[in-house]
Amino acid sequence: MGTQNFRFGSIRDLEKKRKISQKKVDDSKSLDSRKKNGQFSTPIEIADEIMKYGLSLQKDSHISFFEPAVGTGAFISALLNNSSPDKVDKIFGFEIDEDYYEEAHKLWNSDMVELFNEDFTTADYSNKKYNLLITNPPYVRHHYLEKEKKAQLQAMVKKEMDLDVSGLSGLYCYFLLLADKYLDEGAVCGWLLPSEFMDVNYGKVIKDYLLNRVQLIRIHRYNPNNCLFDDALVSSCVVWFKKVDITENYNVEFSYGGTHDKPEVSKFISKRELSACKKWTHVTDAIEINNSTQTDACIGDYFDIKRGLATGDNGFFILNEQQIKENNLDMKFFKPILPSPRNMLGDEVMSNEDGNPDISEPLFLLDCNLDEEEIIAEYPELWNYLKCGLKTTATKYLCRSRKKWYFQERREPTPFLCSYMGRGSKDRLPFRFILNHSKAVASNSYLLLYPKDSLKKRIQENETTYSQIWNALKCIDVNDIEIEGRVYGGGLKKIEPKELSKVKCRELKKIVNQ
Ligand SMILES: C[S@@+](CC[C@H](N)C(=O)[O-])C[C@H]1O[C@@H](n2cnc3c(N)ncnc32)[C@H](O)[C@@H]1O
């Protein structure tokens, strides 16, 4: 068998047809549904580049290729385009979506290609094994996975791999672990994944798998400022490993930017060092792995940091004065809340005499701790308003997991806030530090910085300390903050409370010691 199997024209012609099919099916679906189903295909230039590298690692004389999430077959096209005729014996794959499957089937159906319109995670054809797996699996965030599906996936990974997957994991984590049973001894695998698994807690199970069940060869991270991906909010990397049992120490390549052939940065790190490294994206940033020796003052030495309130549905729970009046709602159920950073003009929020932010359109958070019976009996207008959210807001992920769907988290106002995402530049911080003189709380588009005792003491002694602290935060070195945050596609940066707490800020030490 071989690529001569394709009688309909050259692979290049088939690729042209595939691109048209891909666009046709993509356009027939809403962006929201594509996000929920993880349907962002790999641009062929990237699929080709990845495939060339994968083929350079797989030295077997024949290729049997496995693709658990085919789409229209970008990687099938790349395989056939980049391997010599007769080298490919077999191509086997799954695609759950009928529309993508139909197109893939029309394009690639032949003696050598066997595709199934089935859910890869539950299908089991693992009596057959393959020596090359290259894919871009569905990312699908955990809150889009049905509760039962998540439990089923966790149970399957436990049974097959004896590994515990966190409930916060995206679908791609299950894909990677459940594909193990299809791998022949020595199989080469390339997974195009969101880089975040390298840094977040739920990624630990994947890192354990890569370090202990296979031989990790390389992780190439694409530069998010320079990316070809449609799903521009995700920063992507390709994880390369070989299915072999290896106990001794070895070196793993970490590269960043450019292409596999010509990365902007590349360095090797031993498996042993990598096992001790918490955030793998930092390996290419020339950052000291074990920062336990760090003695510099960090923000977390002076502040307790929490993420702002996750309301579950800002559009429903955050209202302006006019909406509150129109619905005849009692102001006692509302507390002031800052607008999102996008809608905040300045970085200093003054207060009016009520403690509300002195801004053009103050906003208020609906925060009621009463149960339904009491609301119905005592506050019928409020109940009328809540009723409007029963079929929509109440069914959303966060709301339905609360004791009462309309209860809000507890967060006290604080004078110091930091925006949770931003872009920035070489000389401008990606995140904004806000000085808040009002009693407004803030949503989860901010991190809230609560001064610890040493700072509180200084503030009590001298009110001007507020501005000094604010200036100290605004003067943080861009590099110091970028090292701790994460970068997403298109250069978007995010920082979590734990990460912000590790950012160096020597000026705070001076303020406390003055
Ligand atoms: C990120 S896209 C990538 C498609 C293709 N591999 C590529 O690189 O262009 C992931 C594909 O997986 C499919 N998919 C999602 N869940 C699946 C499942 N449980 N089993 C098989 N395919 C699935 C989606 O419909 C989508 O076509």
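Biologist: Which pocket does the ligand sit in?

Modeller: In this predicted model, the ligand sits in the second largest pocket. To be placed there, more than half of its atoms must lie within 2 Å of the pocket's grid points.

Biologist: What makes a residue part of the shell around the ligand?

Modeller: One of its heavy atoms has to lie within 4 Å of the ligand. There are 23 residues around the ligand, and T42, E67, A69, E95 and D119 come nearest. By class, the shell has 11 nonpolar, 7 polar and 5 charged residues.

Biologist: Why is the pair between E67 and a nitrogen atom of the ligand called a polar contact?

Modeller: The cut-off for a pair of N or O atoms is 3.5 Å. An N or O atom in the E67 side chain is 2.8 Å from that ligand nitrogen, so the pair qualifies. A polar side-chain atom of Q39 lies 3.0 Å from a ligand oxygen, so that pair is within the limit too. With I96 a backbone N or O atom takes part, and its 3.3 Å to a ligand nitrogen also passes.

Biologist: How much of the ligand does the protein bury?

Modeller: The protein buries 96% of the 590 Å² that the ligand exposes when taken alone.

Biologist: Happy with that! On to the sheet: what makes strand 13 an edge strand?

Modeller: Strand 13 (348–349) pairs on one side only, as does strand 10 (303–307). The order of this open sheet is 10-18-15-17-13.

Biologist: How do you know that strand 13 and strand 17 pair?

Modeller: Pairing takes at least two bridges. Strand 13 and strand 17 (residues 433–436) have 2 bridges, in the parallel sense, so they count as paired. Across this pairing, E348 stands opposite L435.

How values were computed. Residues numbered from 1 in each chain as written. Predicted model: local features only at pLDDT ≥ 70, side-chain atom pairs only at ≥ 80, totals over all residues. Heavy atoms only, no water. Polar contact = N/O pair within 3.5 Å; in protein donor to acceptor, adjacent residues only side chain to side chain. Areas by Shrake-Rupley, 256 points an atom, 1.4 Å probe, with all protein chains shown as cover. 1 Å grid on protein atoms, 1.4 Å probe; cavity = no way out; pocket = protein on both sides within 12 Å on 5 of 7 lines; lining within 4 Å. Nonpolar A, V, L, I, M, F, W, Y, C, P; charged D, E, K, R; others polar. Helix = DSSP H or I, 4+ residues; strand = E, 2+ residues; numbered from the N terminus.
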